[in-house]
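Q: I am new to this structure and should like to learn how its features are read. Could we go through them in turn?

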Amino acid sequence: MAKIETPRPIRGTQDMLGETADRFSHVVETFERVRRLYGFKRIEVPVIEPTAVFARSLGETTDVVSKEMYSFEDRGGESVTLRPEFTAGICRAYLTEGWQQFAPLKVATHGPLFRYERPQKGRYRQFHQIDAEVLGAGEPAADVELLCFADQLLHELGISDGVTLTLNTLGDAPSRTAWRNALIEHFAGHRADLSEDSQKRLETNPLRILDSKDPRDRPIADSAPDIDTFLTDEALDFFGTVTEGLQAAGVAWTRNARLVRGLDYYRHTAFEFVTDRLGAQGTVLGGGRYDGLIESLGGPHTPAVGWAAGIERLAMLLDAPQPDRPVAVLVPMGDAAMLMATGLLADLRSAGIAADMAYKGNMKKRMQRANDAGARYAIIMGDDELARGEVAVKDLGMGEQKAVPVAELAAALRIA
Ligand code: ATP
Ligand code: MG
């Protein structure tokens, strides 16, 4: 028979088992717990959307839309895209599902996203995010609540040390327009010294030059004017209310006047939680206010704010979580014991006791399996024990062993 070659996984995707998977699920479980504390409703949205959902809302000039999207024609000839981010799809759902009636609507979700990027540590083609959004709220209280949520999550994950909240304001429409004009003037004066990418950005998306990583752009970006002198009283007020709220809630932050979001509909609050523990992939969580996005999808003017964080990047920062361990592993020897163990296992699990059964190999192998699983007890079930209606409960930590009547096993394990 011809040798069958096993297909390789797609570059930039990951398979997870063991500690990697435990870290991942610890992030998701913690997120789920904290989002309930904050009253964010769990939602699900499709992984696949019409390409227009992202092209319109993210803008043709962003890296994501111009270079990173997984877009293709489906069999019906429609252009579809694997979601590269959550926000646009959630806004689409907000409009097409009539969720507007619930405004202000606090929602949260997690799942896979797809971007055609160069894979490296902390950067994948299929990656995963947790995401939180408040739709239909223009009040700074929504920004504060989201920032508190993010901050508490990082604390509960035990990774807040060495992670800093960096905050900026992009002002309201008049502030932003005035600042944008001043930036264009500044960058145009240095056009020849800018990187090729930033020369293009000067035409399409000048704010993005501010967060360019190219060393040629850095001095020019660093000497560019801050938004502060262009902020209207209203914009200044909004930012002041957000920072007062953070102060009241005990959330620490630092100002990063270079932090921008490229698109015109971003307003007021922009933020990133950053760390130097992940090399070049230092942003673990990012977000801001996007008051014009829903209009770009054909909806009514709807202020909204949100954030997303890469699960893999958060997972890398964690201390290794405790792996799941069964309380007991049943070790039956012989056919009669095996059948009995099958019933007992179902009873223990129904009683809420994490239990497993070692059914492969000789006694020694089975005991090894119980040890490797990290169980507290091995429940040894041989013909002799069963004849007496008992099992032998071996404490794998202490090494002690005692006989327990089968009927009392669940109770005995629960007390122990
Ligand atoms: P970066 O500057 O690292 O490319 P970004 O600005 O593209 O990030 P966002 O679109 O704001 O990132 O996504 C929010 C978060 O999602 C990031 O802070 C990061 O934690 C995570 N993320 C983004 N792209 C990837 C990727 N390709 N692989 C893993 N995580 C990612
Ligand atoms: Mg990116």
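Q: Which element gives the most to the lining of the second largest pocket?
A: Please note at the outset that the model is predicted. As a general idea, rolling a probe the size of a water molecule over the atoms shows where empty space is left. In this structure, helix α13 gives the most to the lining of the second largest pocket, namely 3 residues. Two elements, β13 (355-357) and α13 (363-372), each give two or more residues to that lining.

Q: What volume does the second largest pocket have, and which residues line it?
A: Its volume is about 290 Å³. Among the lining residues are Pro326, Val329, Met357, Tyr359, Lys360, Arg369 and Asp372.

Q: How do the residues of this lining divide into nonpolar, polar and charged?
A: The lining of the second largest pocket has 7 nonpolar and 4 charged residues, and no polar ones.

Q: Let us turn to the ligand. Which residues come nearest to ligand 1?
A: The shell around ligand 1 holds 14 residues, of which Arg115, Glu117, Arg123, Tyr124 and Gln129 come nearest. By class, this shell comprises 5 nonpolar, 4 polar and 5 charged residues.

Q: Which polar atoms of the protein lie opposite oxygen atoms of ligand 1?
A: For a polar contact, one looks for a pair of N or O atoms within 3.5 Å. In the side chain of Gln129, an N or O atom is 2.9 Å from an oxygen atom of ligand 1. The backbone takes part as well: a polar backbone atom of Gly310 is 3.1 Å from a ligand oxygen, and one of Val284 is 3.3 Å from a ligand oxygen.

Q: How much of ligand 1 does the protein bury?
A: Taken alone, ligand 1 exposes 590 Å², and the protein buries 83% of that area. Strands β6 (126-135), β10 (283-289) and β11 (304-310) each give two or more residues to the shell. The largest share comes from β10, with 3 residues.

Q: Where is there a cis peptide bond?
A: One reads this from the omega angle. A cis peptide bond joins Ala103 and Pro104, with omega about -5°. Pro104 belongs to the loop between α4 (87-96) and β5 (105-114).

Q: What phi does His268 have, and is this residue buried or exposed?
A: His268 is not a glycine, yet its phi is positive, about 55°. The residue lies in strand β9, which spans residues 267-275. A residue counts as buried when its relative accessible area is under 20%; His268 is therefore buried, because its relative accessibility is 10%.

Definitions and conventions:
Residues are numbered from 1 along each chain as its sequence is written. Chains are lettered from A and ligands numbered from 1 in the order in which they are written. This is a predicted model: local features need pLDDT of at least 70, side-chain atom pairs count only at pLDDT 80 or more; totals for chains, interfaces and linings use all residues. Side-chain values use heavy atoms; hydrogens and water are left out. A residue is near a molecule or strand if one of its heavy atoms lies within 4 Å of it. A polar contact is a pair of N or O atoms within 3.5 Å; within protein, one must be able to donate a hydrogen and the other to accept it, and residues adjacent in sequence count only if both atoms are side-chain atoms. Accessible areas come from the Shrake-Rupley method with a 1.4 Å probe; for residues, only the protein chains shown count as cover. Helices (H or I, at least four residues) and strands (E, at least two) are DSSP runs, numbered from the N terminus. Ala, Val, Leu, Ile, Met, Phe, Trp, Tyr, Cys and Pro count as nonpolar, Asp, Glu, Lys and Arg as charged, and the others, Gly among them, as polar. On a 1 Å grid over the protein atoms alone, a cavity is a set of points where a 1.4 Å probe fits but cannot get out, and a pocket is an open set with protein on both sides within 12 Å along at least five of seven lines; lining residues have an atom within 4 Å of a point. Grid points are joined across faces, edges and corners, and a volume is the space filled by probe spheres set on the points. Buried means under 20% relative accessible area, exposed over 50%, partly exposed in between (1.4 Å probe, protein chains only).
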